[in-house]
Amino acid sequence: MSLHPTLQPYADAWTHSIEAISELVLPLAEADWNRRTPCPGWSVRDIVSHVIGLDCEMYGDPRPIHTLPRDLYHVTNDIQRYMEMQVDVRRHHTAPEMTSELEYTVIRRNRQLRNESRQPTTMVRGPLGTELTLEESMRKHAFNVWAHEQDLRAALGRPGNLDSPGAHIARDALLAELPAVVAEKADAPRSSAVVFDVHGPIEFLRTIRVDIQGRGTLETAPALGPAAAFTLDWETFVRLACGRVTAEAVADRVKAEGDPELTAAILRNFAVTR
């Protein structure tokens, strides 16, 4: 293997999730491809189209030349418009066309990863013409594909892989966003702490401390007398952080203690993916 050791966990997580997606959709009847998923406006077909499109762009394929319809209510900003292009261009593809393209895309990407010799710090193309390191690109991609595997499982009633390699990458990615959620978006009081106690297939206890300047940091040490504390299961944590459900919809699965205004503000701003 020529893949840099730093990148291997992301390649392994992607492989695990993409193979799971293939297994989920291969036996589906045509009608099942139209099932709604937790992603607003997206069906099973749309999720798979998105995953195919992501991997085609990771491979280096040019983006499709396509004009989006004007009546897509769920497309409201530039990043959504960018992501929708790969989805809408495949909206009328049949089940065999979808599974064939997915299989072909996976074959090409596996070959690319086997031959990948670039350093993790190599700059690569990102969405909307942005640039990011190869390591960041692969980490984000592993997280995205795992999250969409979970979307498909929710739509098809096939739960699983909540503790897979992709799940651990998702945990780290979502935890990294918590300081901004607490300190900036929810405007937690300075010199305060907020605790998150998550149980289930993946368990962790984390504290967000807000310093005197209002900056939030992520810590593993528990806090005495936190301003707010949340206890919830891992699946609910993911669904909230990925914007798949509202806090009201899972109120029975989240125990929130402390300042009511602060807990409400944190839950209102919990979604960190776009």
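The legends below describe views of a predicted model.

**View 1. Overall fold of the predicted protein.** Eight helices and seven strands make up the secondary structure of the protein. Along the principal axes, the C-alpha atoms fill a box of roughly 55 × 40 × 35 Å. The radius of gyration is 20 Å, which agrees with the value near 19 Å for a compact globule of 274 residues.

**View 2. Packing and contacts in the protein.** Of the 274 residues, 47% are buried. Among contacts with a separation of 6 or more, 64% join residues 24 or more positions apart.

**View 3. Surface and charges of the protein.** The accessible surface is about 13,800 Å². Carbon and sulfur atoms contribute 51% of this accessible surface. The protein carries 30 positive and 38 negative charges, and the mean positions of the two sets lie 3 Å apart.

**View 4. Arg 206 in strand S4.** Strand S4 spans residues 204–210 and includes Arg 206. Arg 206 is buried. Leaving aside residues up to four places away in sequence, Arg 206 touches Val 194, Val 195 and Phe 196, as well as Leu 218, Glu 219 and Thr 220. Leu 175 is also touched by Arg 206.

**View 5. Arg 206 and the nearest opposite charge.** Asp 172 is the nearest side chain of opposite charge to Arg 206, at 5.9 Å. A salt bridge requires a side-chain nitrogen of Lys or Arg within 4 Å of a carboxyl oxygen of Asp or Glu. Arg 206 has no salt bridge, although the residue is buried.

Terms used: Residues are numbered from 1 along each chain as its sequence is written. This is a predicted model: local features need pLDDT of at least 70, side-chain atom pairs count only at pLDDT 80 or more; totals for chains, interfaces and linings use all residues. Side-chain values use heavy atoms; hydrogens and water are left out. Helices (H or I, at least four residues) and strands (E, at least two) are DSSP runs, numbered from the N terminus. The radius of gyration is taken over C-alpha atoms; the globule rule is 2.2 Å times the number of residues to the power 0.38. Buried means under 20% relative accessible area, exposed over 50%, partly exposed in between (1.4 Å probe, protein chains only). Contact means heavy atoms within 4.5 Å. Accessible areas come from the Shrake-Rupley method with a 1.4 Å probe; for residues, only the protein chains shown count as cover. Lys and Arg count as positive and Asp and Glu as negative; His and the chain ends are not counted. The place of a charge is taken as NZ of Lys, CZ of Arg, CG of Asp or CD of Glu.
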